[in-house]
Amino acid sequence: MSDAPAVVATPLLEAQDVRKTSRLGAIEVPVLHGASLAVREGEWLAVMGSSGSGKSTLVTQILVPAIQAELDGFGGSPKGCSGLEGDLRTLEHLEFVDQNPIGKSSGPTP
């Protein structure tokens, strides 16, 4: 057993206190209420929650555009995200798999 301190890898991606509201006519509806996450090299990220909790909004409107902007160097920060923290240098590209059905299947693509 070693007395050396555990090495904590710098997150590839870190987001803290992400908030997003949508408009429903004149009413502002909170969609995300301070979501936070950190992903380190070798980890997988699963976004889970009840229906209407903001999972798709977090991924499609905030994380994917923010990561693409970091990787491609254009686009700017999406609304609800002032920027990303972490070390994305090890990522070569981002592949986004959406929930649209493939072909004639009525089921979503996981």
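This is a short walk through one protein chain, from its overall layout down to single residues.

Bear in mind throughout that we are looking at a predicted model.

Let's start with the whole chain. There are 110 residues, and 22% of them are buried. The secondary structure is brief: one helix and two strands. Reading from the N terminus, the order is β-β-α. The accessible surface is about 8400 Å². Carbon and sulfur atoms hold 54% of that surface. Now the contacts. Take those with a separation of 6 or more. Of these, 42% join residues 24 or more positions apart.

On to the helix. H1 covers residues 55–72, which is 18 residues. From first C-alpha to last, H1 reaches 24 Å. The expected figure, at 1.5 Å a residue, is 26 Å, and the helix comes close to it. Where does H1 bend? The bend is at Leu63, by about 30 degrees. A proline, Pro65, follows within four residues.

Which residues of H1 are buried? Early in the helix we have Thr57 and Leu58. Then come Ile62, Leu63, Val64, Ala66, Ile67 and Ala69. So Leu63, where the helix bends, is also on the buried list. A general point helps when you look along any such element. An α-helix has 3.6 residues a turn, so residues three or four places apart point the same way. What do the buried residues of H1 pack against? They pack against strand S1, residues 13–24, and strand S2, residues 27–39.

Let me pick out one of those, Thr57, in helix H1. Thr57 counts as buried because its relative accessibility is 15%, and the cut-off is under 20%. Leave out residues up to four places away in sequence, and Thr57 touches Lys20, Val31, Leu32 and Ile62.

Compare that with Gln68, also a residue of H1. Gln68 has a relative accessible area of 27%, so this residue is partly exposed. Gln68 also has a partner to look at, Glu95. The two are 27 residues apart in sequence. In space, their C-alpha atoms are 9.8 Å apart.

One last stop at the helix end. Just after H1 sits Gly73, with a positive phi of about 75 degrees.

Now the strands. Please find Asp17, in strand S1. Asp17 has a positive phi of about 55 degrees, and it is not a glycine. Here is the background. Most residues other than glycine have a negative phi. Is Asp17 buried or exposed? Neither: at 44% relative accessible area, Asp17 is partly exposed.

Asp17 also takes part in a salt bridge. How many salt bridges does the whole structure hold? The search finds two. One joins the side chains of Asp17 and Arg19, at 3.0 Å from N to O. Arg19 is partly exposed too, at 48% relative accessibility. The other pairs Arg23 with Glu28. There the closest N and O atoms are 3.2 Å apart. Arg23 counts as exposed because its relative accessibility is 55%, and the cut-off is over 50%.

Next, a surface feature. Which residues form a nonpolar patch? They are Leu24, Ile27 and Val29. Together they have about 280 Å² of accessible area. Leu24 belongs to strand S1, and Val29 to strand S2. Leu24 is exposed, with a relative accessible area of 61%. Val29 is partly exposed, at 33%. Setting aside neighbours within four places in sequence, Val29 is in contact with Lys20, Thr21, Ser22 and Leu24. Lys20 came up before: Thr57 of the helix touches Lys20 as well.

Last, the loop between S2 and H1. Gly42 is found there. Gly42 is exposed, with a relative accessible area of 69%. Which distance separates the C-alpha atoms of Gly42 and Leu12? That distance is 9.5 Å, for residues 30 apart along the chain.

To recap. The chain runs β-β-α. The buried residues of H1 pack against S1 and S2. The salt bridges are Asp17 with Arg19, and Arg23 with Glu28. The nonpolar patch is Leu24, Ile27 and Val29.

Terms used:
Residues are numbered from 1 along each chain as its sequence is written. This is a predicted model: local features need pLDDT of at least 70, side-chain atom pairs count only at pLDDT 80 or more; totals for chains, interfaces and linings use all residues. Side-chain values use heavy atoms; hydrogens and water are left out. The expected span of a helix is 1.5 Å times one less than its number of residues. The bend at a residue is the angle between axes fitted to the seven residues ending there and the seven starting there. Buried means under 20% relative accessible area, exposed over 50%, partly exposed in between (1.4 Å probe, protein chains only). Contact means heavy atoms within 4.5 Å. Patches are made of residues with over 30% relative accessible area and no salt bridge: like charges are joined within 9 Å, nonpolar side chains (Val, Leu, Ile, Met, Phe, Trp, Tyr) within 5 Å. Accessible areas come from the Shrake-Rupley method with a 1.4 Å probe; for residues, only the protein chains shown count as cover. A salt bridge is a side-chain nitrogen of Lys or Arg within 4 Å of a carboxyl oxygen of Asp or Glu.
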